[in-house]
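Colleague: I have some questions about how the terms were applied here. Please set each value against its cut-off.

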Amino acid sequence: MRRPFVAGNWKMNTDTHTSVDLTKRIATGSSEVAGHSVTIAVCPPFTYLQSVTKALSASHIAVGAQDVYFESNGAFTGEISTSMLKDIGCTYILCGHSERRHVIGETDELINKKAAAAIAGGLLPILCIGELLAERDADQTGQVITRQLKSNLAGLSAEKVSAVTIAYEPVWAIGTGRTATPQQAQEAHSFIRELIAQMYDEELAEEIRILYGGSVKPDSAESLMRQNDVDGLLVGGASLKADDFLAIIQAAI
Ligand code: PEP
């Protein structure tokens, strides 16, 4: 039985005051679901990670970072290591988000190094994969997902991959207001689960959580969560509004 997982990606938003205020509102509003079997995480910008982890101490909500570097320390100006993130209380790490792939230019190879370093450093990666609109229109969704999963998880054993959550995030659905239909999400998620079974084994495929991400809103969350292979939701824009994020969490229970 896979435990539902709802994560909020705040991207490059909030400030000192709004990050803590949003955190507190989410923690208070979800306190009654704390006993339920749902994993909740928020991923603020680096600058607010520490104040958010402090505001969430002793809470049922975990904190994730939006990026990490694969080296452990040294002359890497501007980068942040896994041990630094662990040190301030992070649990999760977003790897391969489409904005890092397509805006910043991260390669599959770099994403693989980051995922491997995160696992080695005791963080739990949320590995984001998904196709561009042109790739979907050209019927290449399966090929893209296969390439990304095989290269991003290269060299990692089944045991290590059991630390990973996969987020299927079709690029055409991220920040566009155009959510994948529940059927499109289910089709992609079951493809991913079968691929994990082929790459590793049935046991890992059964246990690994696959989140859907891409313009999830309170009114689309429930039908997405009803799909067999949708184990949770990665939420961008709607995670910046406490009421919307709380409604999405409620839909995931
Ligand atoms: C995301 O940033 O991962 C995301 C899914 O964003 P949005 O919900 O805004 O589409």
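Colleague: Why is cysteine 43 not bonded to the closest cysteine sulfur?

Modeller: This is a predicted model, where local features need pLDDT of at least 70 and side-chain atom pairs count only at pLDDT 80 or more, while totals for chains, interfaces and linings use all residues. Residues are numbered from 1 along each chain as its sequence is written, and side-chain values use heavy atoms, with hydrogens and water left out. A disulfide needs two cysteine sulfur atoms within 2.5 Å. The closest cysteine sulfur to that of cysteine 43 belongs to cysteine 90 and is 8.3 Å away, so it is too far for a bond.

Colleague: What rules out a bond for cysteine 128 to its closest cysteine sulfur?

Modeller: That sulfur, in cysteine 95, is 8.0 Å away, too far for a bond. Searching the whole structure gives zero disulfides.

Colleague: Why is cysteine 43 called buried?

Modeller: Buried means under 20% relative accessible area, exposed over 50%, and partly exposed in between (1.4 Å probe, protein chains only). Cysteine 43 has 0% relative accessibility, so it counts as buried. Cysteine 128, at 1%, is buried as well.

Colleague: Which residues lie nearest the centre of the largest pocket?

Modeller: They are Lys11, Met12, Gln66, Arg100 and Ile104, out of 14 lining residues. A pocket is an open set of points on a 1 Å grid where a 1.4 Å probe fits, with protein on both sides within 12 Å along at least five of seven lines; lining residues have an atom within 4 Å of a point.
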